[in-house]
Amino acid sequence: IVIGLVGERGREVKEFIEDTLGEEGRRRSVVVVATSDEAAARRRLAPHMACAVAEHFRDEGLDVLLLIDSVTRLAMAQREIGLSVGEPPTTKGYTPSVFAELPKLLERAGPGYEGKVGSITALFTVLVDGDDHNEPIADAVRGILDGHIVMERAIAERGRYPAINVLKSISRLMPMCHAPEENALLARARAALSLYGEMEELIRIGAYKLGADAEVDEAVRVRPALEAMLAQGRDELCSIEDGFAMLAEALG
């Protein structure tokens, strides 16, 4: 595991290394850190250094999990550098070099050279300004990566963790990774959640009466079980097989 922490507070870094990773995690991890008080050049280089470490282990034939938190702070550091050398600000003040920098980092994940057995599976976090998921950095990153997981404050506020919005999250590779019956199960779950979302306001104010529409009735029926299935404790483990079994049970 290789972890790049960019622009984090020093206290949070200490807590993460000592408490979240723990002794067992530290034995398997390399952590590259550039805290928020460091120069922009160091904050810009930290994620690239983490990628270089991950590439070393990948070229040794290992499968590496690379975590970068966050791409947004890398973009802010590059914006600071760009503005200082006279680049013109564009969307939300980001300079052109910011958008040229993103693929240089993000494209480094994945398999190595042909014939090599190692790989890098990367998770890059993006902080969205004001919960605007169409802000420039998030929009640019979505166009480069193979998928995205959207986390929403409203879901966290109602106590369901991880606070993932399933309908806004997508993977371009997932359909190729599952059997047809598993993809059908996922499509059915997404359809039920989507339909409930469309009717949620009417349901909450009592304007919708059960029996008016069979598909909506089904979405209302399975929604509590789906919400429970989507919740997972911090130390709770679940295999893919168990996950699909739970999903099938939730859908009845």
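Tyr94 is buried, with a relative accessible area of 5%; here buried means under 20%, exposed over 50% and partly exposed in between, using a 1.4 Å probe and protein chains only. This is a predicted model, in which local features need pLDDT of at least 70 and side-chain atom pairs pLDDT 80 or more, while totals for chains, interfaces and linings use all residues. Residues are numbered from 1 along each chain as its sequence is written, and side-chain values use heavy atoms, leaving out hydrogens and water.

Let us stay with Tyr94 for a moment. The structure holds one aromatic pair, and Tyr94 shares it with Phe99: the ring centres are 6.3 Å apart and the planes meet at 75 degrees, an edge-to-face arrangement. Rings of Phe, Tyr and Trp (its six-membered ring) pair if their centres lie within 6.5 Å; planes under 30 degrees apart are stacked, over 60 edge-to-face and the rest tilted. Phe99 is partly exposed at 28%. Arg79 also joins the scene, lying over the face of Tyr94 at 4.5 Å from the ring centre; for this, NZ of Lys or CZ of Arg must be within 6 Å of the ring centre and within 35 degrees of the ring normal.

Next come the charged pairs. The whole structure has 19 salt bridges, each a side-chain nitrogen of Lys or Arg within 4 Å of a carboxyl oxygen of Asp or Glu. Three of these pairs are set out below.

| Pair | N to O distance |
|---|---|
| Glu101 and Arg44 | 3.3 Å |
| Arg142 and Asp139 | 3.1 Å |
| Arg223 and Glu200 | 4.0 Å |

Why does the pair of Glu101 and Arg44 tie together parts that are 57 residues apart in sequence? Glu101 lies in helix α4 (residues 96-106) and Arg44 in helix α2 (residues 40-59), so the salt bridge links two helices. Helices are DSSP runs of H or I with at least four residues, strands are runs of E with at least two, and both are numbered from the N terminus. Glu101 is buried at 4%, whereas Arg44 is partly exposed at 24%.

Arg142 and Asp139 both sit in helix α5 (residues 136-144), three residues apart, about one turn of the helix. Arg142 is partly exposed at 21%, and Asp139 is partly exposed at 45%.

Arg223 belongs to helix α9 (residues 214-230) and Glu200 to helix α8 (residues 180-204), so their pair ties together parts 23 residues apart in sequence. Arg223 is buried at 16%, while Glu200 is partly exposed at 22%. Elsewhere, Arg158, Arg160 and Glu227 are linked in a network of salt bridges.
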